[in-house]
Amino acid sequence: DIANEVLKKILYNYEDNYALMSEKYATYLQEEDAIFHMDYSNMEDILNRYLKFVRNYPLYSSNKDSFPYIDNIVADKRKSLKQMPYCLFTIYFANVYFGVEQCVQLDSLRYAVDQISDAEDRDWALGVLIVVTYQIATGYAGHFAQPKKLTLSNIKDVLQKRQMSAKLEFSKRFLSLAEESSKCSYKINIVDGPWEHALKEINQFVPSNAVVYLDAPYKRDEYSRYYHVLETMIKYNYPSSENKGRICSKNKGERFATEFFTKRVNQVEDILTKIIVCILEQNEICVWSYSNNAMASIVKVISEVKGYMKCNVYIYGTYHKHKSQRSKTNNNDKEIEVIEYSIIFTTKFKDKDNKKM
């Protein structure tokens, strides 16, 4: 019932922003809709018309030639982030990860979320919007590091995905998630990072015998570029937009980088050791997820942890076939067989009579 009332307010405010944006982008919306309804018997004609549409669409870029009036819009928006109409996704990501209509809807939903006065309701709505943004996107391999290249073989699927309604998906998911949440016995608490801060904060939520699960990065990849679109939806701050991926600038400090973003294996092993030891100092059990083809040596990390404190270690492994996301031209498209490990560290000991000491 609460969700229904909140959703009504969201959709009411949504219309204010949508009316302004649909008027400003009427020509582009009409052309996109015409392409969506072309005869699929000639996909080559559809591809050519859509590619021309994409090339002529005005987008913001901070390191390539951009449309001057778009640059002015971005500069103006940065001075006052809350001014109407909300248009960040429409001028950053349209025809890159979403359709134009989808971006107008996403911007309008983001505007509507900001009009919610209750903080908890606003968090719920923003969470649902993140889910919707991810689900309707046409990225490459499920992330936003680079857009999908339009080809004759995928144009039909791309256009069908870009016809999905962000507004409809938001309404369905908002109500379904609310219904599911009413069945949950425990509240989910969000804890800010980095990990040192998170471990201190969880003391107020969990007992000392809790299981802390550590799912650290396997490689030195810049994971922030995989999800920069979702980060931008949260911050909605009109950041830099670089290269084909329209990624926020790392040099300007707009993207975070973790301690794992390094080529130094010893540094990664030391970080993992430090995290596991910190977990065990305040909790009895740490479950570490890692792989045999990951960067650090599992054996070395276990050895270092046991050198710092007394604990038992249990290792479970299972074979898994991993498909590389790299280009086929690099001959890396074959499935790679790896072993995924679940490594359990525990300071909970038992005596011969199976009693806790």
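This section describes helix α1, the nonpolar cores, the salt bridges and three individual residues. The model is predicted.

Helix α1 spans residues 2-24 and holds 23 residues. From its first C-alpha to its last it reaches 34 Å, close to the 33 Å expected at 1.5 Å a residue. The helix is nevertheless kinked: a bend of about 25 degrees is centred on N17. N17 is also one of the buried residues of α1. The others in that set are A3, V6, L7, I10, N13, Y14 and M21. The cover over these buried positions includes four helices, namely α5 (88-92), α6 (100-114), α7 (119-136) and α9 (166-181).

I10 of this buried set recurs in the largest nonpolar core. That core has 61 residues. The members that touch the most other members are I10, F89, F98, F170 and F174. Helix α6 gives the most to this core, with eight residues. Beyond its neighbours within four places in sequence, I10 is in contact with L109, A112, I116, A125, F170 and F174. F170 and F174 thus appear both among these contacts and among the core members with the most partners. Another core lies apart from this one and has 30 residues. Its members include Y218, A294, I298 and V305.

V104 is a further residue of helix α6. Its relative accessible area is 0%, so V104 is buried. Not counting residues up to four places away in sequence, V104 touches Y18, M21, S22, L29 and T90. Of these, M21 is listed among the buried residues of α1. Y18 is 86 residues from V104 along the chain, yet their C-alpha atoms are separated by 6.6 Å.

Y319 gives a contrasting case. This residue is found in strand β5, residues 312-323. With a relative accessible area of 61%, Y319 is exposed. Y319 and Y18 are 301 residues apart in sequence. In space, their C-alpha atoms are 49 Å apart. The residues that Y319 touches are E337, V338 and I339, leaving out those up to four places away in sequence.

The salt bridges come to nine in number. In one of them, the side chains of D114 and K82 meet at 2.9 Å, N to O. D114 lies in helix α6, while K82 lies in the loop between α4 (68-79) and α5, so the pair ties together parts that are 32 residues apart in sequence. The two partners differ in exposure class. D114 is partly exposed, at a relative accessible area of 22%. K82 counts as exposed, at 57%. The pair belongs to a network of salt bridges that links K82, R110 and D114.

A second salt bridge joins E169 and R173, with the closest N and O atoms 3.3 Å apart. Both residues are in helix α9, and because they are four residues apart they are separated by about one helical turn. E169 is buried, with a relative accessible area of 12%. R173 is partly exposed, with a value of 25%. A further salt bridge connects K183 with E180, and here too the closest N and O atoms are 3.3 Å apart. K183 is exposed, at a relative accessible area of 56%. E180 counts as partly exposed, at 43%.

S249 is the last residue considered. It lies in the loop between α11 (228-235) and α12 (265-282). Although placed in a loop, S249 counts as buried, at 2% relative accessibility. Its side chain takes part in two short-range pairings. One is a polar contact with the side chain of E242, at 3.4 Å. In the other, the S249 side chain reaches the backbone nitrogen of K252 at 3.1 Å. Leaving aside neighbours within four places in sequence, S249 is in contact with S240, E242, E254 and R255. E242 is therefore found in both the polar pairing and the wider contact list, because a polar contact requires N or O atoms within 3.5 Å and a contact requires heavy atoms within 4.5 Å.

Methods: Residues are numbered from 1 along each chain as its sequence is written. This is a predicted model: local features need pLDDT of at least 70, side-chain atom pairs count only at pLDDT 80 or more; totals for chains, interfaces and linings use all residues. Side-chain values use heavy atoms; hydrogens and water are left out. Helices (H or I, at least four residues) and strands (E, at least two) are DSSP runs, numbered from the N terminus. The expected span of a helix is 1.5 Å times one less than its number of residues. The bend at a residue is the angle between axes fitted to the seven residues ending there and the seven starting there. Buried means under 20% relative accessible area, exposed over 50%, partly exposed in between (1.4 Å probe, protein chains only). A nonpolar core is a set of buried Ala, Val, Leu, Ile, Met, Phe, Trp, Tyr and Cys residues joined through side-chain atoms within 4.5 Å. A salt bridge is a side-chain nitrogen of Lys or Arg within 4 Å of a carboxyl oxygen of Asp or Glu. A polar contact is a pair of N or O atoms within 3.5 Å; within protein, one must be able to donate a hydrogen and the other to accept it, and residues adjacent in sequence count only if both atoms are side-chain atoms.
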